[in-house]
Amino acid sequence: MAKAKIKFADVNVTVTVPVGTRIIEISEKVGSYIAYNCREGDCGSCLFTVLDGAEHLSKPSALENATLFAHFQQVLDGWRGAGDMEALQEMMKRENFAGKICRLACQTQVFGDATVAPL
Amino acid sequence: MSAQPVRYDAVTVTERVHWIGALDPTMRTFDVILKTPNGTTYNAYLVRGSEGVAVIDTVKAERADQFFARLEAVADYREIKVIVLNHLEPDHSGALPELMRRAPQAKLYISDAAQLMLKALLNNNDIDYIPVTTNDSVSLGDCTLRFLNTPYLHWPDTQCTYLVEEGVLFSGDVFGCHYCDEQLFNDRVGDFRFSFEYYYAHIMRPFKSYVLSALELIEPLPVRLIAPTHGPILRDHPQHYIQRYRELSTPRLHLEMDRDIKTMIIFYISSYGNTMHMAEAIRDGAAEVGGFRISLYDLEGGEVEPFIDLVEEADAILVGSPTINGDAVKPVWDLLSSFARINVKGKVAGAFGSYGWTGEAVRMIDDRLRGLKMRVPLGGLRIKLIPGADELKDCHLFGRDIGEFLMGKPRAREIDMSQL
């Protein structure tokens, strides 16, 4: 079976996994800070960021995209009146911020070498 | 002789607000986990403005007759313009479908997070509602209901609603308790402080950080009365209860000792001293990393309650157990089963233990720790019977590696998934 190497930068662990493995199946076993909750792509808890090799990860489904955007809206609401609003909006306006750099660990499958970290 | 029909009246709370809830004095166990020696109340409220009436929360379906009778005593269904549900748990949403049937013109206001739950709870996809969040409001003519998004107190959907003109905070389960006294108001009911504290400890405690976020929204408000969904209405010194929530939710260790130093706790229990020797070697290994405080506790020498207080404020928890009859021992499970009452998510954790035959305990503890969403960087360490010099060295390295992980400088590791 084809293998790939996925590195969790926060815990400095690289794991060789069979291609197709979901990030969440590994992240919780190496103690990564990536949090998780529903495991169904619904809650947005398992958000993580891709530091390298985004092209080697599965494409986000419609469900994942919807959850990512809902999550960012929530973050935005939470920051209302916090002062750093502009900086946050600027960050979120970046083209395809959700989906490219940020993904859900319960949905994303590993197809080749990549480096990831909690958001 | 026929019994007199019971008459249910609404109770005046303020000029615009009536209590239209239900008393449930026979309830003894709430939601499986909570005891109550005198029952509970399901508090619902009616707010009358110059241009319509709002109903805030409903009651458990089994007590809906009380709710509707009290509502009818002060309003006509056709006057209801607004229904607010601060929390969708069935003890507050039970009478909602019937209320919406009787007042079809009313608009339902719920939090953003409540939307999916509403469908799942009522098994109805056709309910019309308006999702709201902090700073959204709805006018009743001469008065305004403003919403505060206060999630995870104690469900994702929870919110508070504030009646601006009268300083009334409809707080949902926050500031509530299971206490049934028909005198209703905190200055007239019996001493309910034990119940208030107990409710916080079992319902709100796992969500302390969310309590603190909610208090940021609540504390600036000139609250004159708190109207929770359970227990007494807090009209006498309402600020006292807000302050109490602040006290109960603020981490104490970091206030009373050095706030920047992390804490590791190593719990163990040992029949012949082997698991204890492992614990000591792990502590020595962790101490080598330095920069954090380490405490070693024998579970045989203490009660679960104070240990839980320690765990709540610690950053890393290691648990050592021998294996007896293929399982970790009962004091270990008593400790681990109590972790659900606090928030341990994200804390660093690990398991270890000496065993005689098969050593299942360590893997079981690992699974429990991971199941609680603690971060378990290394698979548990198992040693057969008496740890020798090499094995004590393994313990030392185990402690060191977890210490380094705790301090945010984990050693690089390359592993195959099959090793996990």
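**Helix packing, strand pairing and the A–B contact**

In this predicted model, the buried residues of helix 7 of chain B are covered by elements that include helix 6 (208-218) and strand 16 (225-228) of chain B. Helix 7 itself runs over residues 238-249 of chain B, twelve residues in all. From first C-alpha to last it reaches 17 Å, close to the 16 Å expected at 1.5 Å a residue. Its buried residues are Pro238(B), Tyr241(B), Ile242(B) and Tyr245(B). They sit on the same side of helix 7 of chain B because they cover an arc of only 100° around the axis. As a reminder, an α-helix has 3.6 residues a turn, so residues three or four places apart point the same way. Over on the other side of helix 7 of chain B, His240(B) and Glu247(B) are exposed.

Helix 1 of chain B (residues 64-74) also has its share of covered positions: Gln66(B), Phe67(B), Phe68(B), Arg70(B) and Leu71(B) are buried. What they pack against is a set of strands of chain B, namely strand 3 (22-24), strand 7 (45-49) and strand 8 (52-56).

Now for the cores. The largest nonpolar core counts 72 residues, and Tyr45(B), Val47(B), Ala54(B), Val55(B), Ile83(B) and Ala227(B) have the most contacts inside it. Helix 5 of chain B (residues 193-204) gives the most to this core, with five residues. To take one of the well-connected residues, Ala227(B) touches Val13(B), Asn43(B), Tyr45(B), Val168(B), Leu169(B), Phe170(B), Ser171(B) and Ile233(B), leaving aside residues up to four places away in sequence. There is also a second, separate core of 67 residues, and it includes residues from chain A, Cys46(A) and Phe48(A), as well as Ile365(B) and Phe405(B) from chain B.

Strand 19 of chain B (residues 316-320) is mostly covered, with five of its five residues buried. Ala316(B), Leu318(B) and Gly320(B) point one way from this strand, Ile317(B) and Val319(B) point the other way, and all are buried. Strand 19 of chain B has parallel pairings with strand 17 (residues 262-268) of chain B, over five bridges, and with strand 20 (residues 348-355) of chain B, again over five bridges. In the pairing with strand 17, Val319(B) of strand 19 stands opposite Phe267(B), while Gly320(B) has Phe352(B) of strand 20 as its bridge partner.

That leaves the contact between the chains, where 18 residues of chain B meet 17 residues of chain A. On the chain B side, strand 22 (residues 413-416) supplies the largest share, four residues. By type, the chain B side divides into nine nonpolar, two polar and seven charged residues. Strand 22 of chain B pairs with strand 2 (residues 13-18) of chain A in the parallel sense over four bridges. Within that pairing, Val13(A) is the bridge partner of Arg413(B), and Val15(A) that of Ile415(B).

Strand 2 of chain A also pairs with strand 1 (residues 3-8) of chain A, this time in the antiparallel sense over six bridges; here Val15(A) partners Ile6(A). The two strands of chain A form a hairpin with four residues between them, and Asn12(A) in the turn has a positive phi of about 60°. Side chains alternate along strand 2 of chain A: Val13(A), Val15(A) and Val17(A) point to one face and are buried, whereas Thr14(A), Thr16(A) and Pro18(A) point to the other and are not.

Technical notes: Residues are numbered from 1 along each chain as its sequence is written. Chains are lettered from A and ligands numbered from 1 in the order in which they are written. This is a predicted model: local features need pLDDT of at least 70, side-chain atom pairs count only at pLDDT 80 or more; totals for chains, interfaces and linings use all residues. A nonpolar core is a set of buried Ala, Val, Leu, Ile, Met, Phe, Trp, Tyr and Cys residues joined through C-beta atoms within 7 Å. A residue is buried if 20 or more other C-beta atoms lie within 10 Å of its own, exposed if 12 or fewer, and partly exposed in between; C-beta atoms are placed from the backbone. Two residues are in contact if their C-beta atoms, placed from the backbone, lie within 7 Å. Ala, Val, Leu, Ile, Met, Phe, Trp, Tyr, Cys and Pro count as nonpolar, Asp, Glu, Lys and Arg as charged, and the others, Gly among them, as polar. Two strands pair if DSSP finds at least two bridges between them. The expected span of a helix is 1.5 Å times one less than its number of residues. The arc is that of the directions from the helix axis to the C-beta atoms.
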